[in-house]
Number of protein chains: 2
Amino acid sequence: MRLTTRGRYAVTAMLDLALHSEKRPVSVAEISERQTISLSYLEQLFASLRKAGLVDSVRGPGGGYRLVGTTDLICVADIIKAVNESIDSTNCGGKGDCQGGSICLTHNLWDDLGRQIAGFLSGISLADLVAKRDVQTIANRQVDQLLTLEDNNVRAKAC
Amino acid sequence: MRLTTRGRYAVTAMLDLALHSEKRPVSVAEISERQTISLSYLEQLFASLRKAGLVDSVRGPGGGYRLVGTTDLICVADIIKAVNESIDSTNCGGKGDCQGGSICLTHNLWDDLGRQIAGFLSGISLADLVAKRDVQTIANRQVDQLLTLEDNNVRAKAC
DNA sequence: AAGTACTTGACTATTTTAGTAGGGTATTAG
DNA sequence: CTAATACCCTACTAAAATAGTCAAGTACTT
Ligand code: FES
Ligand code: FES
């Protein structure tokens, strides 16, 4: 398995969508600011998420991204698979031919591990994450920070 | 978390030790042949394993490596930690300061995941692996392959 | 005394990741 | 209509991590 910032960013972005896209679509720029993730990098991730059918886009002013379906239907495993090809932990990609065409000593161990991780991440939906108290707290902090930042910018311009 | 061939090789090598070091120490060269892993690369891994106190070395002719303690006391998690610094899945290394000093939206999710993986890998000892039927089968195949290979070399020399 | 086998460190090629740049194209508010 | 907005797409690059090599040791046993 490989879990990198790529997968982490994707889940973070999707969670941001779950938290803020109820009324209107959310633009990548907004997410980029709120989660402090590079805008262009996020765009690449959303291209993958769109291909996987997890999000929907609305173009033009006032546009942005929206989740496809409800938050309880999207699990973390889906998001990671969408941007991070696989959750497989074996060296052989599940083929069992590590050692010159034959299966290696530890193949089944990694296979089991992969199943374990997949099971765990499949059991957690965006709805589960949104429901957590700490997620709510952090989300509120992020909105506040953004507001005071904008406020400061306005004041700076006025001067 | 990052699970790479580094960690996989280490577990494979330790399992090889568990299978063959009962009577005499096993040399890195032997393991290299049996598991088809680069010799010099294995040496690096064993340096880490020795530092972690998982193996013991015997120098000189007939020397090699031996496990420290019995196979039921060494778990897979220990081995991976020894060569692959950590099993942590967060981006921040557990500090919770991903987002400019503050905790990010998904920190707790990755933290939970890390615990899950650590729990799984801590629950599996070398003894558990040795006891598995498929491991026995594969180990036997590896020994046979090596014997016929040596046999062929002897014949080649005779000619 | 000699050979075996561990020990150490530096060094390199390859791959992956994270991020940038710079063009588009569709949509809509005004 | 048109200009601003925001998605869309491709190629590129810097930096890091991995996998593996090389070479010169040191300790020990037969
Ligand atoms: S990991 Fe699948 S055969 Fe080795
Ligand atoms: S992963 Fe720990 S704060 Fe973001």
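Biologist: What distance separates a phosphate oxygen of DNA strand D from an N or O atom in the side chain of Tyr65(A)?

Modeller: This is a predicted model, where local features need pLDDT of at least 70, side-chain atom pairs count only at pLDDT 80 or more, and totals for chains, interfaces and linings use all residues. Side-chain values use heavy atoms, without hydrogens and water; residues are numbered from 1 along each chain as its sequence is written, while chains are lettered from A and ligands numbered from 1 in the order written. For Tyr65(A), the distance is 2.5 Å.

Biologist: Which side chain of chain B has an N or O atom 3.4 Å from a phosphate oxygen of DNA strand D?

Modeller: Chain A offers Ser57(A), at 2.6 Å from a phosphate oxygen. In chain B, the residue at 3.4 Å is Thr4(B).

Biologist: How many residues surround DNA strand D?

Modeller: A residue is near the strand if one of its heavy atoms lies within 4 Å of it. The closest include Arg2(B) and Arg59(B). Sugar and phosphate make up 69% of the strand's atoms that come within 4 Å of the protein. The number of surrounding residues is 27.

Biologist: What axis relates chain A to chain B?

Modeller: Copies are superposed by least squares on C-alpha atoms of residues with pLDDT of at least 70 in both. Chain A lands on chain B after a rotation of 180° with 0.0 Å of shift along the axis, at RMSD 0.1 Å. That makes it a two-fold axis.

Biologist: Which C-alpha of chain A is nearest the axis?

Modeller: This C-alpha lies 2.9 Å from the axis. Its residue is Arg2(A).

Methods. Polar contact = N/O pair within 3.5 Å; in protein donor to acceptor, adjacent residues only side chain to side chain.
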